[in-house]
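Here is a quick tour of one protein chain, going from the overall numbers down to a few helix pairs and single residues. Keep the viewer open while you read.

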Amino acid sequence: MLLTRTQTSPLFPSKSFEKPKPKAGFLSTRFAPLRASAAVTARPSPPLQTPAQIRVDVLSESLPFIQRFRGKTIVVKYGGAAMKSPELQTSVINDLVLLSCVGLRPVLVHGGGPEINSWLLRLGVEPQFRNGLRVTDSLTMEVVEMVLVGKVNKSLVSLINLAGGTAVGLCGKDARLLTARPSPDAAALGFVGEVARVDPTILRPILADGHIPVIATVAADEAGQAYNVNADIAAGEIAAAVGAEKLILLTDVAGILTDRNDPDSLVKEIDISGVRRMVEEGKVAGGMIPKVNCCVRSLAQGVRTASIIDGRVQHSLLLEILTDEGAGTMITG
């Protein structure tokens, strides 16, 4: 914020008075009382900060956080409003590139639901969902793979490269990064898969060379059949496999709330036992339950912290990683 100097007030208030008659020594004594008063009460104003100084202060305050996370892997699940809005998309991409430039090792795992729906409708196929999961028949699976791997993934890679980073696009099939198995509800859901195994071998040299892996969550089973894997679950399993310091899920809510109808009831930090208690009490329900379970499972496998943050907020990634305030709820082991 730019600060402006204010004008000093007039020496005398706006009221009528009789003009004094000049007298001997008037010029030397006229302002003597004011000078004496000013000598007692006046204090030098602090210098105003320039925009450059403000930016430098912000960077300086970020130093402890940069030192803490430097060289550490951060897995980010990207989706929701942050993927639909061009402004928020730019914010996420720039945040990832900045984090990479200061020495963190970000991994981006993405879905692409709205884009898939759009292409299905173009083909005359009505998207179907059951319990929040996409019903995926063979035609839908073809569209999911084409859109996620061929379009969304490569678009994100291009945006990161354009912002000054170096991204490498992958899907679960590449180098057997993700091996899938059918969902327990496969009869109703079709080719919706779970993560059977993660092989992070392909990610290690990419991260070591300072590149940003961008992963579409399409995977194959042992027989080569393609499956659509939930991006939250895939991100959590990848975070555990690479020994990530932090898992971050970008969502369309502020985080975990003690009262779902009160945005001001945000829980800033909670441990595993606390969040399980909230689930049992019904305070965490609906679509938040699988996200919480994903975080808990990743923590149980060695991830240090997991955060559910508000992807609708500009630069929410930087707020979560480089400030004490954060941008949502952090769950600890």
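## Surface, core and packing

The chain exposes about 18,300 Å², and carbon and sulfur atoms supply 56% of that area. Keep in mind that this is a predicted model. Of the 333 residues in the chain, 43% are buried. On the secondary structure side, you get 13 helices and 14 strands. Contacts often reach far along the sequence: among those between residues at least 6 apart, 72% join residues at least 24 apart.

Now for two helix pairs, side by side.

| Helix pair | Residues | Angle | Axis separation |
|---|---|---|---|
| Helix 6 and helix 7 | 113–122 and 138–162 | about 125° | 9 Å |
| Helix 11 and helix 12 | 272–280 and 288–300 | about 155° | 11 Å |

Take helix 6 and helix 7. Angles over 145 degrees count as roughly antiparallel, and those that are neither roughly parallel, roughly perpendicular nor roughly antiparallel count as oblique. With an angle of about 125°, helix 6 and helix 7 are therefore oblique to each other. Their crossing is right-handed. On the helix 6 side, the contact uses Glu115, Ile116, Trp119 and Leu120, and these meet Thr140, Val143, Val144, Val147, Leu148, Lys151 and Val152 in helix 7. Sorted by class, the contact has eight nonpolar residues, one polar and two charged.

Helix 11 and helix 12 pack at an angle of about 155°. That makes helix 11 roughly antiparallel to helix 12. The crossing of helix 11 and helix 12 is left-handed. Helix 11 brings Ile272, Val275, Arg276 and Val279 to the contact, while helix 12 brings Val292, Val296 and Leu299. The class split for this contact is six nonpolar, no polar and one charged.

Next stop: strand 11, which covers residues 246–251 and holds Ile248. Is Ile248 buried or exposed? Buried means under 20% relative accessible area, and Ile248 has 0%, so Ile248 is buried. Setting aside neighbours within four places in sequence, Ile248 is in contact with Ile74, Val75, Val76, Lys77, Ser307, Ile309, Leu317, Glu320 and Ile321. Ala235 is 13 residues away from Ile248 along the chain, and their C-alpha atoms are separated by 8.7 Å.

Leu247 is in strand 11 too. At 0% relative accessibility, Leu247 counts as buried. Which residues does Leu247 contact, leaving aside its neighbours within four places in sequence? Among them are Val75, Ala235, Gly236, Ala239, Cys294, Cys295 and Ser298, and the list also includes Val303, Thr305, Ala306 and Ser307. Leu247 and Ser298 are 51 residues apart in sequence, yet 8.0 Å apart in space, C-alpha to C-alpha.

Last one: Asp310, in strand 13, which spans residues 305–310. Asp310 has a relative accessible area of 9%, so this residue is buried. Not counting residues up to four places away in sequence, Asp310 touches Thr251, Asp252, Val253, Ala254, Ser316 and Ala327.

Notes
Residues numbered from 1 in each chain as written. Predicted model: local features only at pLDDT ≥ 70, side-chain atom pairs only at ≥ 80, totals over all residues. Heavy atoms only, no water. Helix = DSSP H or I, 4+ residues; strand = E, 2+ residues; numbered from the N terminus. Buried < 20%, exposed > 50% of the residue type's maximum accessible area, 1.4 Å probe, protein only. Contact = heavy atoms within 4.5 Å. Areas by Shrake-Rupley, 256 points an atom, 1.4 Å probe, with all protein chains shown as cover. Axes fitted to C-alpha atoms, helices over the stretch in contact; angles between N-to-C directions. Parallel < 35°, antiparallel > 145°, perpendicular 65-115°, else oblique. Left-handed = near helix turned anticlockwise from the far one by under 90°. Nonpolar A, V, L, I, M, F, W, Y, C, P; charged D, E, K, R; others polar.
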